[in-house]
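Let us read a structure together, one feature at a time. The learner asks, and the teacher answers.

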Amino acid sequence: MPRRTFAVISHPDAGKSTLTEALALHAQVLSEAGAVHGKAGRKATVSDWMQMERDRGISIASAALQFEFGDHIVNMVDTPGHSDFSEDTYRVLSAVDCAVMLIDAAKGLEPQTLKLFRVCRHRGIPVITVVNKWDRPGKDPLELLDEIEQQIGLRPTPLTWPVGIAGDFRGVLERSSGDFVEFTRTAGGATRAPERRVPASEARLAQGQWWDTAVEEHELLAADGADHHQESFLAGVTTPVLFASALLNFGVGQLLQVLLDVAPAPAPQAGEDGSLRPLEGDFSAFVFKVQSGMDAAHRDRLAYARVCSGVFERGMVVQHADTGRPFTTKYAQAVFGRERASVETAYPGDIVGLVNASALTVGDTIHTGPVIRYPAMARFAPEHFAVVRPKDNGRQKQFRRGMDQLDEEGVVQVLRSDLRGDQAPVLAAVGLMQFEVVQQRLASEFGVQVDLDHLDYTLARSVSEQDAPTVNAARGVEVLRRSDGALLALFPDRWRAGTVARNNPGITLTELPAGGL
Ligand code: G4P
């Protein structure tokens, strides 16, 4: 069956968990909303594998939800939903073909949505926009479109247009057909909300001025050329827009249909050397996320891989591209939150969780047949830095083992220098929560309590071996080596970096990936 693989990008509270539930409900994965993914206190709190998650009621890490819709298989890859930000979020977006940008109708574009959107743009991932919570008072729809165009330079091309202002959501005008799609409330959105298609003439009688307004605005949009154009969408120039209420399950079926109709199908991915392996060729996949300790009882380690080509069959022997070693995939699972099921077969676009794949790290390729290696995943520009030390000096060995593992998983970047020594490495993170995760995991998995001393740096630039001593000698600057060998110079702020560059015209301070995002 054809595949669609996407992720939702949004600011916390825009309704991502609610939308996930509604999608699953619509696709009939579940009989009742609330069972898939939720915050603390909801029916089932999933991915609460860490105490921290339970305490905060946030979902830090889960994987992909797969369901059938129409004659397609849809993979929804989960992005961490908390307000903080980690490299995980960026990496997840390397595993999808399309993103759904979920916006709160009352708030418009919010900071995290913007950050995530920039990652999508950087990666060339097309974006479908969903304006959520239309059942509540919110901004004017034309104003929202303006905001999108002004702030992120994407041209909105609404596929549906709301009938009734925000807070009085009656349904939508489907712009391609001119029909009215009427929504009917069900109690709390807990079941699939019926959608009734009504021809324009009938809608005019039933909805009166609300219908007239919608038609007028639709014509305005058409005159302005704001109509869906597939090539422009795929090129990241335009974004189709839908209006919805995830809570009431309005517009959710339409979103699924749009994903099937316009989102790109998995395409062959280029290897490091630029070669393309056809979708129907030998099996290949890349690891975009590694996670341990999800199941306290089993202490396992999961490597999540996106299938890029060929067919994955549970039990097959695949090769690890970096080492050439064979790797048996006896235990392959589909994981979403706490739910797990064995995966028997998987196709391009699907996500498989490989259990106890201790040899695999983020960015690795596994394959059968001739070797292929997908490009290494970029490590992003960290913005937070802290020295980490074990509280108990007697647990140095466990501390080192723990740091190595968390480093390998990409939970945090680990920087070292002769000056600081191995007992007190510097952690570098994109989001502050990464530090908490490190602390928690060192304590629960390695029995090591640590102290963190935050450093006053906010900016990292990479420097060459040759320039490193000069940069290191500058006031307020420190050069450390990351575990992948890169030398990073840490600065308190961009002005200091500017001064160092001006005072030493011969040196180069290179921005790290995503630094400009
Ligand atoms: P998130 O995962 O993006 O952080 O958001 P989440 O789905 O948890 O939704 C945040 C809040 O917004 C929730 O309310 C949720 O019920 C509400 N919400 C989501 N979609 C809609 C919608 O379409 N319409 C309206 N009116 N509300 C919506 P809460 O009070 O914070 O949580 P809860 O107690 O309802 O679970």
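The dialogue below goes through the sheets, the helices that lie across them, and the ligand.

Q: What kind of model is this, and how are its residues numbered?
A: This is a predicted model, in which local features need pLDDT of at least 70 and side-chain atom pairs count only at pLDDT 80 or more, while totals for chains, interfaces and linings use all residues. Residues are numbered from 1 along each chain as its sequence is written, and side-chain values use heavy atoms, with hydrogens and water left out.

Q: In what order do the seven strands of the open sheet stand?
A: Strands (E, at least two residues) and helices (H or I, at least four) are DSSP runs numbered from the N terminus, and two strands pair if DSSP finds at least two bridges between them. Here the seven strands take the order 2-3-1-4-5-11-6, with mixed pairing. Strand 2 (64–69) and strand 6 (155–158) are at the edges with a single partner strand each, so one side of each has no neighbour in the sheet. From one strand to the next, the twist averages 30°, where axes are lines fitted to C-alpha atoms, for helices over the stretch in contact, and angles between N-to-C directions run from 0 to 180 degrees.

Q: How many bridges pair strand 2 with strand 3?
A: Six bridges pair strand 2 with strand 3 (residues 72–77) in the antiparallel sense, and methionine 76 in strand 3 is the bridge partner of leucine 65.

Q: Which strands does helix 5 lie across?
A: Contact means heavy atoms within 4.5 Å. Helix 5 (residues 141–152) lies across strand 4 (98–104), strand 5 (127–132), strand 6 and strand 11 (238–243), and runs at about 145° to strand 6.

Q: How is the open sheet of four strands ordered?
A: The order of this sheet is 7-8-9-10, and its pairing is antiparallel. Strand 7 (160–163) and strand 10 (195–198) form the edges, each with a single partner strand, so one side of each is left without a neighbour in the sheet. Strand 7 is joined to strand 8 by four bridges, with glutamate 174 in strand 8 as the bridge partner of threonine 160.

Q: What lies between strand 8 and strand 9 in their hairpin?
A: Five residues lie between them, and glycine 178 in the turn has a positive phi of about 85°. Three bridges join strand 8 (residues 171–174) to strand 9 (residues 180–183), and valine 172 stands opposite valine 181. Helix 7 (residues 209–223) lies across strand 7, strand 8 and strand 9, at about 155° to strand 7.

Q: Which residues are closest to the ligand?
A: A residue is near a molecule if one of its heavy atoms lies within 4 Å of it. Of the 16 residues that surround the ligand, the closest are Asp13, Lys16, Ser17, Thr18 and Asp135, while helix 1 (residues 16–26) gives the most to the shell, with three residues.

Q: Where do polar contacts reach the ligand from serine 245?
A: A polar contact with the ligand is a pair of N or O atoms within 3.5 Å. A polar side-chain atom of serine 245 lies 3.1 Å from an oxygen atom of the ligand, and a backbone N or O atom of aspartate 13 lies 2.7 Å from a ligand oxygen atom.

How values were computed
Polar contact = N/O pair within 3.5 Å; in protein donor to acceptor, adjacent residues only side chain to side chain.
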